[in-house]
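Trainee: I would like a close look at a single part of this model, the salt bridges. Please take me through the partners, where they sit and how far they are covered.

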Protein chains: 2
Amino acid sequence: MTESVATNARHRVVIIGSGFGGLFATKQLKGTDLDITMIAKSSHHLFQPLLYQVATGILSQGEIAPTTREILHRQKNATVLLGHVTSIDIAAKTVTSDVLGIEKVTPYDTLIVAAGAGQSYFGNDHFAEHAPGMKSIDDALELRGRIFGAFEFAELEAAMGHNVESLLTFVVVGAGPTGVEMAGQIAELARTTLASDFRHIQAKKARVILVDGAPQVLPPFGPKLGRKAHKALEKRGVEIILSAMVTDLDSGGVDLKFQDGRTQHIESATKIWAAGVQASELSRTLSEQTGAELDRAGRIAVLPDLTLPGHPEIFVVGDMINLIDPHNGHPLPGVAQVAIQGGKYAAKTILARQQGRDGLDKPFKYFDKGSMATISRFNAVLKVGKFEMSGFLAWVGWLAVHLAYLTGFRNRVTATLHWITSFVLGHDRAERTVTMQQVLARNALQREREESRAVDSEVS
Amino acid sequence: MTESVATNARHRVVIIGSGFGGLFATKQLKGTDLDITMIAKSSHHLFQPLLYQVATGILSQGEIAPTTREILHRQKNATVLLGHVTSIDIAAKTVTSDVLGIEKVTPYDTLIVAAGAGQSYFGNDHFAEHAPGMKSIDDALELRGRIFGAFEFAELEAAMGHNVESLLTFVVVGAGPTGVEMAGQIAELARTTLASDFRHIQAKKARVILVDGAPQVLPPFGPKLGRKAHKALEKRGVEIILSAMVTDLDSGGVDLKFQDGRTQHIESATKIWAAGVQASELSRTLSEQTGAELDRAGRIAVLPDLTLPGHPEIFVVGDMINLIDPHNGHPLPGVAQVAIQGGKYAAKTILARQQGRDGLDKPFKYFDKGSMATISRFNAVLKVGKFEMSGFLAWVGWLAVHLAYLTGFRNRVTATLHWITSFVLGHDRAERTVTMQQVLARNALQREREESRAVDSEVS
């Protein structure tokens with residue numbers, strides 16, 4: 001039934017995912033007579049680089065995650081549908097999505113798969129409950145509840161004369177840009193924003209510990225910028241533990257094992273996981289049907305034009321792909337620009353084919369606009385190819401790029417002003433409000449564990 | 001143990017609740033040598049009058065609910081503790097609070113009970129699951145997920161050719177200020193904000209139905225303003241059903257019974273309860289121990305100085321009290337000003353006693369600053385005693401009062417600018433973002449019910 005395409009029907013492009021890849025592919029096809037359907041499992045487009053600011057109460061969720069249909073509301077040839085894609089049938093050319101048992105089969109002529117990557121716990125999925133990742137708005141709000149909840153409970157326990165060391169210890173696993181920014185921001189919360197809010201605890205005595213298995217922070221930025229970031233973080237009050245793997249993690253804390261065999265246990269109520277990524281499960285089904293290989297992180301090998309072998313009608317873009325960059329022999333990194341440029345390339349290829357050509361003349365070429373990470377207010381590191389920079393100017397660059405985003409999709413003047421006063425100037429941190437449901441739900445869990453431990457130690 | 005007050009110990013004031021009554025009592029005692037402990041079950045102070053704007057995506061939760069300890073961070077004699085007060089022991093002069101099994105007993109010399117009121121379903125507590133109230137940030141975000149989720153699911157179901165009438169029908173129960181503002185705002189969402197966001201549904205065809213048991217909308221505002229509000233709401237696209245009681249309510253819809261005996265069933269996926277209030281359960285324990293009477297809504301009868309009979313050390317203020325206003329013979333209404341003025345009165349009485357007096361010279365006297373409700377953008381109703389007003393000027397008054405709040409606690413310039421552009425000018429409605437967890441959790445429930453019904457109707 002889905003195969004019977006009516007004569008003169010518009011060419012149907014189905015795009016899976018509302019992240020950078022899916023969104024920029026869709027926008028590139030604006031004003032054409034293509035019939036575009038975007039299927040995504042959340043109703044918003046998320047600007048992940050600022051997610052840590054939602055978790056730490058600087059920005060509200062709406063400021064970094066506009067609804068996708070709002071961004072595309074003027075693009076009449078694009079339909080946005082909520083759904084988690086559960087299977088792709090390459091022979092039948094259909095995508096099946098499901099949300100709460102509402103199953104929808106959507107036929108396509110061309111498919112762009114841009115489903116991104118999720119958090120990876122390297123096979124220890126039971127860590128997730130105790131150390132949420134940093135991949136979605138739900139994650140960020142969950143973490144906001146945990147972080148501010150920890151201070152609330154510490155104040156209460158301290159008022160009762162109890163030990164609050166574990167409640168005031170925050171462990172961030174993973175010293176990539178997200179982990180570094182998260183750890184720095186929690187330290188700043190404790191030392192400035194919350195400094196005078198409590199009577200029984202000294203918020204500024206909270207410990208923030210950043211852990212990584214690599215021998216430096218920000219590994220992709222190289223040793224020199226890594227050292228600068230390391231110093232800046234320590235100055236902010238972050239303790240850094242390197243060359244250490246997390247061997248266990250539960251409600252009470254974290255177990256570490258160093259490369260030299262030593263082990264260490266850290267008591268900590270609040271753990272944050274910013275360590276690894278795993279490509280969307282859809283790469284597996286694509287691999288099974290096309291023979292394209294998967295790497296360890298579940299990324300699928302694509303041809304130089306981002307299609308799958310034997311299936312020029314299927315593009316894969318963004319965090320899901322494994323493609324060697326001919327310029328440096330390394331695989332393309334999982335960053336926004338790879339997704340954006342890939343989405344645009346796929347869209348332009350589709351348009352070229354509409355004009356009767358086989359595709360674009362050149363294979364996909366990633367233009368490295370550089371990567372950056374803030375390491376404290378007014379201080380960032382920046383790397384473009386072999387060029388490295390750190391300090392205030394790098395931070396201004398970081399700010400400019402992120403400001404451009406915040407104002408980008410629409411005229412969001414007030415959101416930008418809010419961000420400038422709250423983040424840049426450090427005033428008016430309005431978004432600390434947590435839903436009590438979130439605070440209580442997770443802490444109930446933790447409490448249970450702590451009580452069972454207390455009983456154990458009384459018994460022994 | 002708690003009775004043994006050390007000599008020269010500071011006088012301990014315990015305040016239950018972080019609403020208007022508790023907060024203004026606390027602030028009134030700033031700079032004194034009293035030792036104040038505020039115990040509240042949420043970590044923020046909530047400006048309830050704008051809660052409906054959080055539910056409809058105009059404001060973020062942080063903009064109307066700053067954390068209580070942030071508001072009080074400079075007031076060194078005030079400690080804020082998270083906890084749900086479970087009992088008050090008047091003989092022992094202690095308050096017991098609990099949060100997640102952390103039980104704390106706090107002794108007091110003077111107690112101010114300002115625990116407010118919750119939603120009342122008039123004995124039908126099972127309605128709550130299907131029709132959340134409008135009393136907390138959790139409620140508002142839950143409703144935001146339901147409202148925007150309904151449109152998302154309607155688009156998806158319509159794309160599959162299904163009937164979406166129920167998904168696009170919103171029923172608001174209760175035509176007081178909250179219900180009126182909520183219904184009007186949903187209608188505006190559908191007709192303007194979301195009008196061009198969908199491809200398979202016409203958002204502007206959504207039905208918004210406002211139901212009340214009274215024969216007019218906004219009963220406390222009298223028939224004249226009620227008629228004006230009625231007309232303005234109908235112009236905005238709200239259907240109004242009066243003199244009708246809700247006899248049943250489930251995931252599928254609402255059953256109504258009119259005063260003349262007629263009945264009506266409305267199929268509706270999204271129901272909002274803004275109908276009744278019930279004083280905090282603490283009024284019961286106070287009544288049992290002092291003999292003070294409770295009225296039907298659980299409000300406790302207080303003496304003219306807001307204390308309980310025989311217990312000058314216990315004040316009750318705000319929504320929990322039943323006290324006749326000698327000016328008009330009516331009980332004091334459950335509005336912010338009664339709580340604010342009551343909290344201040346209690347605090348001043350405590351200070352007078354510290355100076356060796358018995359209390360203030362005069363009983364508590366409520367000064368009616370008036371009540372107002374917006375009925376559409378640029379149009380409000382306003383009533384101060386017998387003086388009535390409606391239209392643009394009344395709206396300017398409404399705006400001024402609410403602006404004063406938003407900027408009140410701290411210098412929240414950007415939050416105010418955001419509110420002006422989003423609400424007043426109708427631009428930049430950034431806060432539509434919902435957590436997918438909330439959207440999916442509740443719709444799963446609804447879906448289940450609908451499926452079981454579908455099976456029923458297939459069988460029959």
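**Salt bridges and their surroundings**

Mentor: To set the scene, residues 12–343 of chain A form a span that is 28% helix and 28% strand, with its end C-alpha atoms 16 Å apart. An unreviewed UniProt entry annotates residues 12–343 of chain A as "domain: FAD/NAD(P)-binding". Keep in mind that this is a predicted model.

Now the salt bridges. Over all chains the count comes to 23. One of them pairs the side chains of Glu152(B) and Arg69(A), at 2.9 Å from N to O. Glu152(B) belongs to helix 5 (residues 137–159) of chain B and Arg69(A) to helix 4 of chain A, so this pair joins two chains. Both partners are covered: Arg69(A) has 4% relative accessibility and therefore counts as buried, and Glu152(B) is buried as well, with a relative accessible area of 10%.

Helix 5 of chain B also holds both partners of another bridge, Arg146(B) and Glu142(B), which are 4 residues apart, about one turn of the helix. Their closest N and O atoms are 2.8 Å apart. Arg146(B) has a relative accessible area of 7%, so it is buried. Glu142(B) is at 18%, which is under the 20% limit, and is therefore buried too.

A further bridge in chain B links Glu281(B) with Arg284(B), where the closest N and O atoms are 3.7 Å apart. Here Glu281(B) counts as exposed because its relative accessibility is 58%. Arg284(B), at 43%, counts as partly exposed. To return to the pair that joins the chains, Arg69(A) and Glu152(B) are part of one network with Glu155(B), held together by salt bridges that share partners.

Some charged side chains should be viewed separately from these bridges. Lys27(A), Lys30(A), Arg74(A) and Lys76(A) form a positive surface patch. Of these, Lys76(A) is in the loop between helix 4 (68–71) and strand 3 (78–82) of chain A. Its relative accessibility of 58% is over the 50% limit, so Lys76(A) counts as exposed.

For contrast in character, there is also a nonpolar patch on the surface, made of Phe378(A), Phe392(A), Leu393(A) and Val396(A), with about 390 Å² of accessible area together. Val396(A) is placed in helix 10 (residues 392–408) of chain A, and at 34% relative accessibility it counts as partly exposed.

Terms used
Residues numbered from 1 in each chain as written. Chains lettered and ligands numbered in written order. Predicted model: local features only at pLDDT ≥ 70, side-chain atom pairs only at ≥ 80, totals over all residues. Heavy atoms only, no water. Patch = residues over 30% accessible without salt bridge, like charges linked within 9 Å, V, L, I, M, F, W, Y side chains within 5 Å. Areas by Shrake-Rupley, 256 points an atom, 1.4 Å probe, with all protein chains shown as cover. Salt bridge = Lys/Arg side-chain N within 4 Å of Asp/Glu carboxyl O. Lys, Arg positive; Asp, Glu negative; His and termini not counted. Charge placed at Lys NZ, Arg CZ, Asp CG, Glu CD. Buried < 20%, exposed > 50% of the residue type's maximum accessible area, 1.4 Å probe, protein only. UniProt positions renumbered as here; feature names shortened; annotations may be inferred.
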